[in-house]
Amino acid sequence: MTATILTQQFINGISLGSLYALVAIGYTMVYGILRLINFAHGDLLMVAAYAAIYAVTLLSLPWQISFPLVMILTGLFGILVDRVAYKPLRDAPRISLLISAIGVSFLLENLAIVLIGGVPKGFPRPDIFARVIDLWGLRIQVLTVYTPILTLVLLMGLLYIVHRTKVGKAMRAASKDFETTRLMGINLDRIIAVTFFLGSSLAAAGGIMWAMKYPQVNPFMGVIPGLKAFIAAVLGGIGNIVGAVVGGFVLGLGEILIVALFPQMAQYRDAFAFAVLILVLLFRPTGIMGEPITDKT
Amino acid sequence: MDTSTRNALCTILLLAVLAAVLYVFQKHGTEYQIRILNNMAIFITLAVSYNLVNGFCGILHLGPNAFITIGAYTSALLTMSPAEKQLSFIIEPLIWPLSVIQVPFAVSLIAGGIAATFFAFLISFPVFRVRGDYLAIVTLGFGEVVRVLCNAMQSLTNGPLGLKGLTPYTTLWWSWGVAVFTVVVITKLVNSSYGRAMKAIREDETAAKAMGVDPFKHLLLAFLVSAFFSGVAGGLLAHLITTISPTLFTFFLTFNLLIIIVVGGLGSTSGAVIAAALFAWGGEALRVVESPMNLGFITIPGIPGMRMVLFSIILMVVILFARRGIMGRSELSWDRLFTALRLQTKA
Amino acid sequence: MNDFFQLDNLVMQFGGLTAVKDFSIIIEPGELVGLIGPNGAGKTTVFNMITGFLTPTSGRVLWQGRDITGWPPHAVTAQGIARTFQNIRLFTDMTVLENVMVSFHHTIRSRFWKAMLGLPSHKREEKRIEKEARAFLEELHLGHLADEKAGSLPYGQQRRLEIARALAARPKLLLLDEPAAGMNPQETMELAKLVREIRDRRRLTVFLIEHDMKFVMGLCERIKVLDYGITIAEGSPSEIQRHPDVIKAYLGEPKHA
């Protein structure tokens with residue numbers, strides 16, 4: 001294998017990893033506050049991708065307007081999901097909450113089949129992202145370079161909100177100690193809504209970029225990226241935003257490089273992430289950047 | 001007559017009625033009716049054994065489809081004749097000794113159950129190191145891994161082509177025989193001291209440990225028993241539909257089982273039986289919404305996917321508004337039935 | 001060196017924080033020992049280290065001549081040490097009888113497959129367990145509630161059931177974590193009587209944590225005082241009451257006086 005191909009694959013890995021990272025952030029934020037794996041989070045990729053298709057084709061909005069609009073709408077949709085399916089179960093046994101999340105996920109996927117149909121739709125990728133540039137002898141699609149850059153920009157914005165604003169501080173407090181935060185008179189419903197909004201908008205960004213990378217939008221497109229992003233969140237240390245990004249990059253790079261270095265492993269690629277998950281849970285359940293969980297009895 | 005003799009007589013009577021019904025349908029039933037009855041029995045087996053883990057131990061295991069797949073493949077590979085196997089495995093030949101073995105159906109079912117139990121044991125160590133959401137994802141992941149392996153390991157599973165032309169051994173006697181056996185055995189288990197220990201873990205794992213209950217041992221027991229019956233049911237399914245492939249038993253199947261045990265009531269075997277029967281019948285009945293409907297003057301086109309939308313909505317409604325489902329955690333029993341009858345006659 | 005029960009320099013650190021430092025105690029068979037201290041002094045942490053819910057950073061737990069440090073909780077219970085919890089932890093959706101029967105599970109001899117097939121040998125054991133569990137409930141005056149759901153009992157009865165359940169595990173050493181918490185003076189008095197009764201009748205050894213000073217002083221023969229994880233005093237109730245450090249750390253607070 002030449003150094004050029006390896007570099008090429010490395011860049012691909014970074015690009016894929018940044019998509020996992022964008023989606024993983026939403027998992028980690030919601031888990032941090034509600035201790036819930038939002039099973040429906042992956043399906044937001046699909047919701048956002050379809051929304052973007054319709055915004056561009058039906059409403060003929062330029063992508064510069066429609067993509068941010070879709071992010072906002074998906075964010076609001078995330079809040080709606082919480083209000084309908086999770087909020088009534090805040091004090092219910094955990095198993096109910098999880099089952100509700102799985103229910104939402106299946107409902108979204110099958111509603112998409114009923115309303116839109118199971119046949120994959122092409123994604124109207126703006127030409128600017130499809131261009132191929134020559135970078136030191138490497139032929140790379142612009143999208144592959146833009147994806148990690150955009151991820152880092154969005155991450156900076158998110159970290160600013162979480163660390164520098166009042167609502168961000170309340171979010172961090174809530175993820176440390178839900179009950180005390182409630183007692184301190186902070187409006188938790190608002191904090192939870194903001195969390196779902198931010199996480200879902202980032203998932204939307206991930207969904208749009210995923211659809212540009214693999215321009216086949218179908219009702220189940222979010223399932224596998226969603227699962228892998230969750231694994232990335234666990235790998236990074238669940239509840240930790242920077243950890244989710246690191247986990248995303250590690251997982252994306254790992255998947256691409258394993259296939260690049262051992263081509264005969266290609267058909268096992270989808271199993272790689274789960275092997276990582278099992279290893280992390282066995283040997284370092286707190287993930288790369290997670291803090292040890294204190295056991296209260 | 002004391003109550004235990006009465007209850008035993010009632011149970012025998014009920015089984016006799018069931019046998020008579022099955023006999024009539026086996027002789028005179030349409031293919032459609034027999035298919036529904038077979039599905040009912042297999043769903044009962046699957047739901048009752050799935051409920052042992054999710055309902056009685058209170059953990060969210062999302063990988064029964066993996067064990068069903070393993071059971072189905074094992075059993076199918078064991079009943080096919082060596083000649084059939086040679087014809088089917090065109091890309092890569094089946095590995096020895098599976099390529100030459102052929103066993104009777106009953107043996108293949110048990111082998112399917114044992115294979116599933118073996119894999120359940122292998123993954124139990126990572127699975128039971130964690131709880132709650134993590135456990136859900138690990139078991140879900142195992143289901144995905146099994147699917148990937150079924151596709152990739154061509155010399156064992158024939159890859160994406162799957163196994164075709166299996167002999168339809170699964171009759172009503174087989175499917176219902178297994179269902180009755182499963183219900184009886186699992187009921188005895190959950191009503192025993194072992195079952196009490198599982199329920200204690202569900203209620204409060206910390207307290208259960210302090211009372212001398214080893215959570216790993218008991219969760220493992222439930223997990224393995226559940227995997228065994230899922231594997232046997234997988235073998236029955238394989239020889240009912242006669243064609244299996246890696247995409248057949250996906251997370252969809254797990255989702256359906258989850259709906260059944262939630263609707264029936266997590267932690268109620270009779271609830272699981274009732275809901276599984278309803279599901280097998282309702283699932284077929286609801287096919288009308290997916291096929292075109294001719295109302296004489298206008299034809300409404302069928303809507304593919306509508307059934308799953310309805311099932312998802314049913315699951316959400318039950319979990320949000322009627323969390324106890326049909327039975328909650330209580331069971332139907334002869335004692336309860338007779339008490340209810342007595343109250344009826346008095347009133 | 002005593003070979004009944006001994007804690008030898010137990011230390012528990014969480015991250016950089018030391019919750020318990022160099023905790024040592026020797027308890028003789030049949031003793032009734034109290035462990036007191038302000039909130040957050042590390043009392044429950046000591047219990048958690050004994051019962052295997054926490055593995056001490058250093059130090060040893062010695063029980064009947066064996067080092068059981070870091071054994072899993074269920075194994076510790078099987079060795080004859082049972083506990084109750086500060087915040088009641090009953091199996092709320094199970095009946096009172098079932099709650100107690102869970103504690104008998106570790107004594108069961110017949111294997112699971114015998115239970116699944118409903119073999120007579122297993123049925124006999126189930127009958128024995130039920131009979132013994134009912135006897136326990138009678139002893140603690142809970143017999144008439146056997147078929148109620150544990151979660152539906154009034155508070156005081158739930159505390160009693162917690163003790164019954166722990167006793168049913170057949171301990172030689174019983175650890176009670178704030179058994180009188182939330183009880184009214186009448187109930188507290190009855191509880192003290194009950195604890196002394198079961199100790200005498202079953203020749204148990206009792207080690208208990210309690211906030212209610214009257215309860216501890218009236219019941220325990222020996223008391224140990226923890227503050228910020230450090231043992232500040234040890235002695236008979238009267239010695240403890242006069243100890244200057246204890247008065248400063250603990251009894252000085254008016255609400256506990």
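This report walks through a predicted model, looking at two chain-to-chain contacts and then at chain C.

## Where chain A meets chain B

Let's start with the contact between chains A and B. On one side, chain A puts in 43 residues, and on the other, chain B puts in 42 residues. Together the two chains bury about 3600 Å², and 82% of that lies on carbon and sulfur atoms. If you want to know which residues of chain A lose the most area to chain B, look for Ile99(A), Phe106(A) and Leu281(A), which together make up 17% of what that side buries.

What about charged and polar links? There is one salt bridge across the interface of chain A and chain B. The side chains of Arg94(A) and Asp133(B) meet in a salt bridge, with 3.2 Å from N to O. Three residue pairs across this interface are in polar contact, with both residues at pLDDT 80 or more.

## Chain A's side of that contact

Which elements give two or more residues to the side of chain A that touches chain B? They are four helices of chain A: H3 (63-86), H4 (94-115), H10 (223-236) and H12 (269-283). H4(A) provides the largest share of that side, 15 residues.

Sorted by class, the residues on the side of chain A that touches chain B come out as 34 nonpolar, six polar and three charged.

## Where chain B meets chain C

Now for the contact between chains B and C. Here 26 residues of chain B are in contact with 31 residues of chain C. The two chains bury about 2600 Å² between them, with 67% of it on carbon and sulfur atoms. Three residues stand out on the chain B side: Tyr194(B), Arg196(B) and Met211(B) supply 29% of the area that chain B buries against chain C, more than any other three residues.

How many salt bridges does the rule find across the interface of chain B and chain C? The count is three. A salt bridge joins the side chains of Arg89(C) and Asp204(B), at 2.8 Å from N to O. As for polar contacts, 12 residue pairs across this interface qualify, both residues being at pLDDT 80 or more.

## Chain B's side of that contact

Helices turn up on this side too. The elements giving two or more residues to the side of chain B that touches chain C are H8 (172-190), H9 (193-203), H10 (205-210) and H11 (215-241), helices of chain B. H9(B) gives the most, with seven residues.

By class, this side of chain B has 13 nonpolar, five polar and eight charged residues.

## A closer look at chain C

Chain C contains 10 helices and 10 strands. Its radius of gyration is 19 Å, close to the 18 Å that the globule rule gives for 257 residues, so chain C is as compact as a globular protein of that length. Along its principal axes, the C-alpha trace of chain C spans about 65 × 40 × 35 Å.

For a smaller detail, find strands S9 (residues 222-227) and S10 (residues 230-235) of chain C, which run antiparallel and are joined by five bridges. S9(C) and S10(C) form a hairpin with two residues between them. Which residue in the turn has a positive phi? That's Tyr228(C), at about 50 degrees. Next to the topic of the turn comes a pairing to look for: Asp227(C) stands opposite Ile230(C) in S10(C).

Key. Residues are numbered from 1 along each chain as its sequence is written. Chains are lettered from A and ligands numbered from 1 in the order in which they are written. This is a predicted model: local features need pLDDT of at least 70, side-chain atom pairs count only at pLDDT 80 or more; totals for chains, interfaces and linings use all residues. Side-chain values use heavy atoms; hydrogens and water are left out. Two strands pair if DSSP finds at least two bridges between them. Contact means heavy atoms within 4.5 Å. Buried area is the accessible area (1.4 Å probe) that two parts lose on being put together, summed over both. A salt bridge is a side-chain nitrogen of Lys or Arg within 4 Å of a carboxyl oxygen of Asp or Glu. A polar contact is a pair of N or O atoms within 3.5 Å; within protein, one must be able to donate a hydrogen and the other to accept it, and residues adjacent in sequence count only if both atoms are side-chain atoms. Ala, Val, Leu, Ile, Met, Phe, Trp, Tyr, Cys and Pro count as nonpolar, Asp, Glu, Lys and Arg as charged, and the others, Gly among them, as polar. The radius of gyration is taken over C-alpha atoms; the globule rule is 2.2 Å times the number of residues to the power 0.38.
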